[in-house]
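Please look over the sequence and the model shown below, and then read the report that follows on how some of its helices and strands are arranged.

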Amino acid sequence: MSGAGPRTLVVEGGIEGGVEGRYADWRAQALRALAAGWPPETVTWTERCSAASGGTEQLMLLDPGAAPDSGDDAPVPDDDALPAARPDIARAAPDVRVSKALAALLQEAARYRSPQRWAFLYRILWRWCQGDRAVASPADEDGARLHAMAKAVRRAHHDMIAYVRFHRRSGDGTPEYLAWYEPEHDVLAVAADHFARRMGGASWWIGTPQGAALWDGHALQLSGTPADAMAGADIAALRAGAAADDIEPLWLAYYRSIFNPARLNEAALEQHMPVRFWKGLPEGRLIPAMIADARNGARRVAQAGAVGTMKGKPVAVDPQDAQPLRPAPSSLDQCRRCELWRHATQAVPGRGPETARIMLVGEQPGDQEDLAGRAFVGPAGKVLDEAMRRAGVPPDSIYMTNAVKHFKWIARGKRRLHKTPGQREVEACAHWLEQERSRVRPAVIVTLGATALGAILGRQASLRDYLNAPVRLGDAWLVATWHPSYALRVDDAGKREEIVSAIGQAIAHGRQLAAGATPPSPPPPSPAGRQ
Ligand code: URA
């Protein structure tokens, strides 16, 4: 290679398939540059899309020290210049062999949109040809980048297949289906190949900002021409996401009906369908409103309501198989007395017979109770079951409820961790606890933990002052004991046993009081530590 002025090779990029043609050109030039012995750091690769060439992509290979690209006309090569015509390139190309895996990676990475992609791919090829096989390994810096580019392209390919939405064209025009999509990388050709196989004889067109694919039912045509010129006026509506066909209302109705606000998990939703795709999807335009509704109290009622009003075919149910109906949403579901409803799945009401003599009051629903809508079904509920078993009290004879009816939590990674409700929240929820007390009129109220005790007394109090010391509260006895989750928090098995046994004794004591017995005078010792 001489040190003469700029040496430029202009290569025709393929009009069909955009990157397909560019890759072929890069490959031909890269082989030629390898044959000339040009190290990567001495070569400048430039890519430009020239409107004057009707969308033709051009790759320019400049020699070291080349002047910055001045625009349309590349300088005419001097004596040392590589010939521009492809047959010459092919004749001069060395016999370069790469592994199948590397060849596949190079082709995938060539679809990665970055101005440096061709220079980078040439560096990979150069190192390989120098015998540096590490370049194909993810452990190598260049190799890692190559793998990451290929991975991003595979992802864009997968996204395109998942998120392209065809609209049936009105009337008898062809192609029958139209779609607009904005892929992150140059994956139109590979995705089009997938749709050509999947959509059989139906004709379709997919437009993208970089080009379009047309399937006429038999053959695929890829084009780098500006998309709007291809299929007329429909395209503007497609691009704006405003195109609709007869099927779309059905699809939207279906999508709305399968959305369950009680199960809203925004992180999972966005992971499955990233926000950037929403604008291109008919259902994507529904999602923000559905999320807002779910946050604003539709969690429990919205789907049930929507499904309830749907016309359907009556299905005969054998009375023996009939499940008890879920209670109609009560005003508790609509409670806005404090802010806890915002992040809870639903309000969790008390459960048990309204004729129960004993009412157990816990603190607030836990994670599992929040999802199930039922008090004491999680780990603390299991401890309580054990305590009731020891007390000889059948769980279904007791009314169980909580001082606070919505789950208060903080996020720790994917987990929702219990957070103790504040005094304001306990006071706000006293309304519901009062209602339950006046409905059930229990003879004995067993409070579990300090929050429940405070809620029943109507003021904060020290649990230790009330342990094993039942007090009269109007018509009822108040028996205070530990919260069952205290047993779950202690590491020491002996201490855990003490706590479970103390809760069991308190419940047994409550049963005696409910049966009319007087409370014993000397209080037995209680386990030390925080409840
Ligand atoms: N803890 C409570 O206080 N109540 C429940 O319902 C569950 C756990």
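## Helix packing and one open sheet

In this predicted model, the residues L102, L106 and A109 of helix α3 make contact with L121, I124, L125 and W128 of helix α4. Sorted by class, this contact between α3 and α4 comprises seven nonpolar residues, with no polar and no charged residues. Helix α3 spans residues 100-109 and helix α4 spans residues 117-129, and the two pack at an angle of about 165 degrees with their axes 11 Å apart. Because an angle over 145 degrees counts as roughly antiparallel, α3 and α4 are described as roughly antiparallel to each other. The crossing in which α3 passes α4 is left-handed.

A second pair of helices, α15 and α16, can be described in the same terms. Helix α15 covers residues 423-440 and helix α16 covers residues 449-457; their axes come within 10 Å and cross at roughly 70 degrees, and the two helices are therefore roughly perpendicular to each other. On the α15 side the contact is made by V426, L433 and R437, which meet T451, A455 and I456 in α16. By class, the contact of α15 with α16 has four nonpolar residues, one polar residue and one charged residue.

The table sets out the two helix pairs.

| Helix pair | Angle | Axes | Residue classes in the contact |
|---|---|---|---|
| α3 and α4 | about 165 degrees | 11 Å apart | seven nonpolar, no polar, no charged |
| α15 and α16 | roughly 70 degrees | within 10 Å | four nonpolar, one polar, one charged |

Turning to the strands, an open sheet is formed by five of them in the order β4-β5-β6-β7-β8, and its pairing is mixed. The edges of this sheet are taken by β4 (167-168) and β8 (220-223), each of which has a single partner strand, so that one side of each is left without a neighbour in the sheet. In general, strands of a sheet pair through backbone hydrogen bonds, either parallel or antiparallel. Strand β7, residues 211-215, pairs with β8 in the antiparallel sense over four bridges, and the residue in β8 that serves as bridge partner of W215 is L220.

For the protein as a whole, the model contains 19 helices and 15 strands. Of its 531 residues, 45% are buried. When contacts between residues at least 6 apart in sequence are considered, 70% of them join residues at least 24 apart.

How values were computed. Residues numbered from 1 in each chain as written. Predicted model: local features only at pLDDT ≥ 70, side-chain atom pairs only at ≥ 80, totals over all residues. Heavy atoms only, no water. Axes fitted to C-alpha atoms, helices over the stretch in contact; angles between N-to-C directions. Parallel < 35°, antiparallel > 145°, perpendicular 65-115°, else oblique. Left-handed = near helix turned anticlockwise from the far one by under 90°. Contact = heavy atoms within 4.5 Å. Nonpolar A, V, L, I, M, F, W, Y, C, P; charged D, E, K, R; others polar. Pairing = 2+ DSSP bridges. Buried < 20%, exposed > 50% of the residue type's maximum accessible area, 1.4 Å probe, protein only.
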